[in-house]
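Biologist: Got a minute to go through this model with me? I'd like to start with the surface.

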Amino acid sequence: MSATVSFKAPTPYGPKDVTVSYARVGRGEPLVLLHGIGHHRQAWDPVVDILATERDVIAIDLPGFGASPGLPDGLAYDLPTTNAVLGALFEALELDRPHIAGNSLGGLLALELGREKRVRSVTALSPAGFWTEAERRYAFAVLLAMRGIAQRLPLPLVERLSRTAAGRTALTSTIYARPARRAPQAVVAETLALVGATGFDATLRAGTTVRFTEELPGLPVTVAWGTQDRILVRRQGVRAKQMIPHARLIRLPGCGHCPMNDDPALVARVILDGSR
């Protein structure tokens with residue numbers, strides 16, 4: 001069920017009103033899902049129904065993405081601000097240390113919430129923050145190019161391309177290894193989400209100096225990487241394992257940067273196993 005929640009989030013300028021759009025379904029221990037930059041909560045649709053058989057699943061649109069409004073004027077889209085907003089969101093939804101899974105930017109945010117001990121387990125799918133400077137510049141260039149192309153495509157052309165496997169491949173092969181599997185309406189919706197992401201540029205700017213360097217002792221952590229990730233190359237998963245030695249490092253064969261669509265059954269199993 002789709003809903004919105006408004007709440008006060010602590011900021012360096014005092015409490016600010018923030019509104020977040022989310023969908024909640026299922027029963028069991030709470031599990032929060034965080035998408036990547038330029039995406040929206042529907043990125044998780046291929047796995048939500050599987051997860052909901054065992055978890056109370058809360059998929060959110062990050063502020064400035066999907067259906068969530070941007071942050072109030074003056075607030076940065078940096079990690080401290082986003083962590084504070086997500087912590088306040090958990091309180092507003094009465095989530096006491098939920099399990100959390102995130103993809104890309106969402107994976108980094110999930111790990112950050114683990115560092116702050118706000119969650120009881122973390123599953124990070126191709127998380128940001130384990131790159132070299134050259135790898136970061138490459139990833140950001142790809143993301144900017146994707147957004148620039150999406151912004152220039154007329155909606156009727158996007159809709160026409162989405163109706164064929166070749167067209168869906170042209171639109172989404174950067175993030176999916178099996179783009180033809182994505183439903184046409186989903187491809188149109190996520191292209192529009194990329195174009196309309198008001199938090200995109202500020203989030204990208206805030207990420208230029210980001211590295212994740214915490215070991216997260218005592219917290220169950222799973223890091224999973226698609227073997228065909230074209231944005232954050234899979235050797236970054238080895239660095240994540242070196243940084244967090246007790247983490248499970250899982251290979252996702254045949255999956256791209258957003259693996260939920262490429263192999264829903266495998267990704268759902270990894271998340272469920274990681275959130276026991």
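Biologist: How much area does the protein expose, and what share do carbon and sulfur atoms supply?

Modeller: About 11500 Å² is exposed, with carbon and sulfur atoms supplying 55% of it. That's Shrake-Rupley with a 1.4 Å probe, and for residues only the protein chains shown count as cover. This is a predicted model, where local features need pLDDT of at least 70, side-chain atom pairs count only at pLDDT 80 or more, and totals for chains, interfaces and linings use all residues. Residues are numbered from 1 along each chain as its sequence is written, and side-chain values use heavy atoms, leaving out hydrogens and water.

Biologist: And what percentage of the residues is buried?

Modeller: Buried residues are 55% of the 276. Buried is under 20% relative accessible area, exposed is over 50%, and partly exposed is in between (1.4 Å probe, protein chains only).

Biologist: OK, secondary structure. How many helices and strands?

Modeller: There are 11 helices and eight strands. Those are DSSP runs numbered from the N terminus: H or I of at least four residues for helices, E of at least two for strands.

Biologist: Tell me about α4. How far does it reach?

Modeller: Helix α4 covers residues 133-152, and its 20 residues reach 29 Å from first C-alpha to last, close to the expected 28 Å. The expected span is 1.5 Å times one less than the number of residues.

Biologist: Which of its residues are buried, and what covers them?

Modeller: Among the buried ones in α4 are F140, L143 and M146, along with the charged-type names E135, R136 and R147. The cover includes α7 (184-195), α8 (200-206) and α9 (235-243).

Biologist: Pick a residue in α8. What does L204 touch?

Modeller: L204 sits in α8 and touches I37, F140, L143 and L144, leaving aside residues up to four places away in sequence. Contact here means heavy atoms within 4.5 Å. L204 is buried, at 9% relative accessible area. Its C-alpha is also 9.9 Å from that of G38, 166 residues apart in sequence.

Biologist: Switching to Y13: buried or exposed?

Modeller: Exposed, with a relative accessible area of 57%. Y13 is in the loop between β1 (2-9) and β2 (16-26).

Biologist: What does Y13 touch, then?

Modeller: G74 and L75, again not counting residues up to four places away in sequence. The C-alpha atoms of Y13 and G74 are 8.6 Å apart, with their positions 61 residues apart along the chain.
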